[in-house]
Amino acid sequence: PQTIYRKDYTPPAYWVDTVEMGFDLDPAETRVATRMTMRRNPDSRARNLLLHGEGLQLAQLRVNGKALGPRAYALGQGTLEIFNPPQNVVLEIETVIKPDQNTSLMGLYVSNGNFFTQCEAEGFRKITYFPDRPDVMARYTVMLRADKERYPVLLSNGNLIDQGDLGDGRHYATWEDPFKKPSYLFALVAGNLVCHEETYRLQSGREVLLQVWVEEGNLDKTQHAMESLKNSIRWDEERFGLELDLDRFMIVAVGDFNMGAMENKGLNIFNTKYVLANPRIATDADFANIESVVGHEYFHNWTGNRVTCRDWFQLSLKEGLTVFRDQEFSADMIGTDTGRAVKRIEDVRVLRQAQFPEDAGPMAHPVRPDSYVEINNFYTVTIYEKGSEVVRMYQTLLGKDGFRKGMDLYFQRHDGQAVTCDDFRAAMADANGRDLTQFELWYSQAGTPRVKVETRYDAIGKQYEMTLSQSCPPTPGEESKQPFHIPVAVGLLDAAGRDIPLRLAASGAGPDAPTTLVLELTRDKQTFVFTHVPERPVPSVLRDFSAPVILDIDYADEELAFLMAHDSDAFNRWEAGQRLAMRRMLALTEQVEADPAALQNLDEPMLVDSFRATLNDEALDPAFRELALTLPSETIIAEQMAVVNPQAIHAVRRALRRLLAQQLRLDWRVAYEGNRDAGPYSPDASAAGRRGLKNLALGYLAELDDTESHLLAQSQYDNANNMTDRMAALAALANGGAPGREDALAGFYDEFKDEALVVDKWFTLQAMARNTDVAAVRALMSHPAFTLKNPNRARSLIFSFCNGNPPQFHATDGSGYGFWAESVIALNRINPQVAARLARSLDRWRKFTPPLRAMMQDALRQVARSGPLSKDVHEVITKSLA
Ligand code: LEU
């Protein structure tokens with residue numbers, strides 16, 4: 001497979017102005033007739049017209065009305081090249097495709113008898129030959145023809161301009177998208193669907209039609225998605241002055257989908273997981289995810305669709321920015337300060353859990369990559385979540401108003417264009433009169449920077465010096481790094497825990513000194529001097545996680561406990577507790593590795609006391625307490641270690657959880673009882689926070705695996721009026737030896753066997769349960785409800801096991817790795833994109849203890865040798881082994 005480089009970008013030889021398409025939809029054989037008007041691009045030196053196409057049968061090819069002779073064009077590997085066409089071209093192409101054999105779920109495919117498309121990044125080429133690149137933008141008119149009874153609903157982008165009967169039991173619908181768009185935003189849906197529709201009045205007074213389309217029987221699960229959509233529309237008007245530009249906006253849910261959702265113009269297509277919800281089937285986390293994904297796709301309408309990417313190296317231009325927007329949206333929906341902090345903590349947890357490891361592993365890449373083999377492999381946490389952090393740093397550096405000015409200028413300059421990350425940065429810089437040249441390194445250098453903090457207090461001069469230095473480890477292809485432009489938000493606490501007003505030596509002392517200052521670290525090492533500091537302070541550094549870096553700072557245990565109790569920055573309060581717990585867990589892991597009996601008389605008074613204080617602090621939001629009382633995950637602990645022994649990490653974390661359960665038993669009980677809600681279910685943040693804390697308490701108590709905890713879990717399971725409480729209770733039962741375990745699992749399946757998303761949960765819960773080993777996973781794979789073909793189902797069992805059950809996946813006999821290799825190989829034949837995601841579960845193999853490392857390497861080699869691999873899997877495995 002060929003590597004594509006960013007530096008090789010050249011503009012297309014031809015622009016496309018209009019595209020007219022006619023689909024004769026049939027699952028076995030669909031005919032696609034396409035007519036495009038094209039004109040030569042004066043800025044290109046290429047003579048030939050290059051189109052992309054994959055897996056197509058070419059039935060017709062005409063240029064300006066004339067069929068092309070065999071020497072006028074060439075069909076290559078995934079391409080169709082037309083030699084020396086005239087200045088203006090009307091290209092007519094007819095292709096034949098087989099949607100019901102398409103298991104890749106890219107291009108046109110069938111799911112449960114209905115037709116759907118997925119074209120980002122390069123799926124349109126599986127429908128017809130086309131210059132399938134995001135800088136080619138055209139106006140589309142699409143006519144769908146299909147059997148009326150089987151496919152009563154026919155949808156595409158934009159506005160419905162015509163529909164009617166074709167007489168022969170078939171009907172048609174014609175859609176016109178008034179906006180020009182790249183091919184990756186094309187979509188069609190055809191089938192037997194029903195919709196929840198509402199009209200909505202925009203701030204301007206214009207009325208728009210909103211629709212959420214689902215399969216029959218799911219209408220009672222659409223309310224939350226609809227509310228989320230209306231909230232998104234309002235939020236984008238208020239926060240960014242961006243209005244919905246269409247008269248109709250549709251969301252369609254599909255059960256077979258590779259990713260979360262897709263922002264096709266006016267016709268968003270969603271994984272059912274991010275649409276369908278009611279209290280019976282969805283958890284608080286599902287409700288929150290739906291809100292954020294609906295927001296994400298809606299916000300793409302401006303950041304992605306109206307202004308799109310010049311090429312796929314710029315993917316983060318739209319994704320990082322849109323994740324930032326959806327994160328801000330979710331935070332604003334909660335509204336309170338702690339609510340915002342809770343959201344921030346959750347987002348940072350994701351970053352540390354998934355992106356930091358990626359940035360330190362074989363697939364590390366910059367937010368704007370320089371090369372790729374398969375673009376699908378670059379829909380990563382780096383592009384999305386780190387990309388969002390990069391966008392957030394503009395806001396931290398420029399302020400909320402400055403950021404808004406930058407956004408306004410970005411749209412003023414680039415509406416209707418396909419642009420680059422540099423264009424975005426230029427808009428931010430120019431709108432604020434700032435030089436953001438060095439900031440570019442966040443886009444071009446991979447790896448997580450480390451920032452080291454050293455301090456000195458001068459009691460006589462009342463000065464406090466803070467020296468910040470930065471470094472960044474090498475990543476594949478980048479040996480040494482230049483210093484980043486890092487915003488470091490800092491506060492100083494006095495002995496009573498109050499914020500000290502901050503004055504920097506360089507700037508004159510104003511009357512109202514702020515209590516948080518953003519220091520700009522731009523060199524390897526810089527010293528900042530605070531004046532008028534009356535006593536030796538405790539520093540609170542990187543408040544609200546102001547940059548995606550690892551902070552090295554030497555705190556005494558007492559200082560961490562102090563920050564946990566007093567920091568006015570809720571993020572750093574949480575962070576202090578995590579640091580304290582991490583420090584203890586790393587020390588204990590080392591001890592266990594030296595002496596397996598080390599955990600026998602475990603006593604951790606400092607940690608237990610600080611947890612008790614947090615747990616019982618009624619002034620703290622329950623949602624915040626839940627996060628503060630959750631120990632860092634095994635993956636996050638592993639990332640801190642030079643050599644990873646998953647069994648030791650698991651043993652330590654588990655022992656600490658048991659210890660906290662034993663020593664705080666009554667406190668957990670009180671928290672459990674105190675956060676029970678009798679009334680009807682509501683997914684709002686405050687109710688969800690109470691449930692979260694209550695269920696955390698249940699989880700800790702379940703560590704005791706005694707009759708009392710079994711009864712508690714069983715009674716919650718039996719009496720729950722919502723899925724959040726049911727799942728928490730079922731997990732508590734499934735992880736231990738409760739007598740009701742098997743009955744509960746069987747009963748749960750029986751009750752929900754017709755709800756695919758709940759069956760997914762059932763598989764996931766078992767995949768992650770403590771005693772589920774590879775043999776148990778294999779047994780679950782032979783359950784009639786299991787299939788590799790449905791991505792959600794494959795993820796629910798296989799991914800959950802490989803990524804979410806470290807002690808079993810890393811079983812010392814290597815069985816987990818053998819299972820992983822088989823699964824990657826099997827999925828590779830069905831769905832390369834999904835297979836390549838799973839292939840990444842061994843990314844960090846070099847970090848493990850030598851026996852595991854060797855077995856992981858074998859498993860990787862086994863996949864490498866297994867026969868023809870998709871580009872997707874090949875790239876991941878090759879880079880892993882390199
Ligand atoms: N653009 C989509 C998103 O919103 C991803 C696509 C590949 C389905 O993240």
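Below, a colleague questions a modeller about this predicted model.

Colleague: Which domains does the domain assignment give, and how far apart do the C-alpha centres of domain 1 and domain 3 lie?
Modeller: The assignment gives domain 1 (4-191), domain 2 (308-444), domain 3 (450-547) and domain 4 (753-882). Take the C-alpha centres of domain 1 and domain 3. Their separation is 55 Å.

Colleague: Which residues are closest to the ligand, and how many surround it?
Modeller: The closest are E120, E263, E297, E319 and Y384. They belong to a shell around the ligand. The number of residues in that shell is 13.

Colleague: What distance separates the side chain of Y384 from an oxygen atom of the ligand?
Modeller: Polar contacts are N or O pairs within 3.5 Å. The side chain of E120 has an N or O atom 2.6 Å from a ligand nitrogen. For E297, a side-chain N or O atom and a ligand oxygen are 2.9 Å apart. For the side chain of Y384 and a ligand oxygen, the value is 2.5 Å.

Colleague: How much of the accessible area of the ligand does the protein cover?
Modeller: On its own, the ligand has 290 Å² of accessible area. The protein covers part of that area. The covered share is 95%.

Colleague: Which element gives the most to the shell around the ligand?
Modeller: Elements giving two or more residues are β21 (261-262), α2 (284-300) and α3 (315-334). The top contribution is 3 residues. It comes from α2.

Colleague: How many residues of the shell around the ligand are charged?
Modeller: Sort the shell by class. It has 5 nonpolar and 3 polar residues. The charged residues number 5.

Colleague: How many cavities of 30 Å³ or more does the structure hold, and what volume has the largest?
Modeller: Rolling a probe the size of a water molecule over the atoms shows where empty space is left. With a threshold of 30 Å³ or more, the structure holds 3 cavities. The largest has a volume of about 70 Å³.

Colleague: Which element supplies the largest share of the lining of the largest cavity?
Modeller: The lining includes P539, L551, E575 and R579. β31 (538-541), β32 (550-553) and α9 (570-594) each supply at least two lining residues. The largest share is 4 residues, and they come from α9.

Colleague: By class, what makes up the lining of the largest cavity?
Modeller: Among the lining residues are V541, I553, D567 and N572. The class counts are 7 nonpolar, 2 polar and 3 charged.

Colleague: How many charged residues are in the lining of the second largest cavity?
Modeller: This cavity has a volume of about 50 Å³. It is lined by S316, L317, L321, G387, V390, V391, F424 and Y443. α3 and α5 (381-414) each give two or more of these residues. The lining has 6 nonpolar and 2 polar residues; charged, no residues.

Colleague: Where is the cis peptide bond between E120 and A121, in terms of the loop that holds A121?
Modeller: Most residues other than glycine have a negative phi, and most peptide bonds are trans. The bond joining E120 and A121 is cis, with omega about 0°. E120 is also among the residues closest to the ligand. A121 lies in the loop between β11 (114-118) and β12 (137-147).

Colleague: What is the phi of N64?
Modeller: N64 sits in the loop between β5 (57-63) and β6 (66-67). It is not a glycine, yet its phi is positive. The value is about 45°.

Technical notes:
Residues numbered from 1 in each chain as written. Predicted model: local features only at pLDDT ≥ 70, side-chain atom pairs only at ≥ 80, totals over all residues. Heavy atoms only, no water. Domains from an automatic or database assignment. Near = heavy atom within 4 Å. Polar contact = N/O pair within 3.5 Å; in protein donor to acceptor, adjacent residues only side chain to side chain. Areas by Shrake-Rupley, 256 points an atom, 1.4 Å probe, with all protein chains shown as cover. Nonpolar A, V, L, I, M, F, W, Y, C, P; charged D, E, K, R; others polar. 1 Å grid on protein atoms, 1.4 Å probe; cavity = no way out; pocket = protein on both sides within 12 Å on 5 of 7 lines; lining within 4 Å. Points joined across faces, edges and corners; volume = space filled by probe spheres on them.
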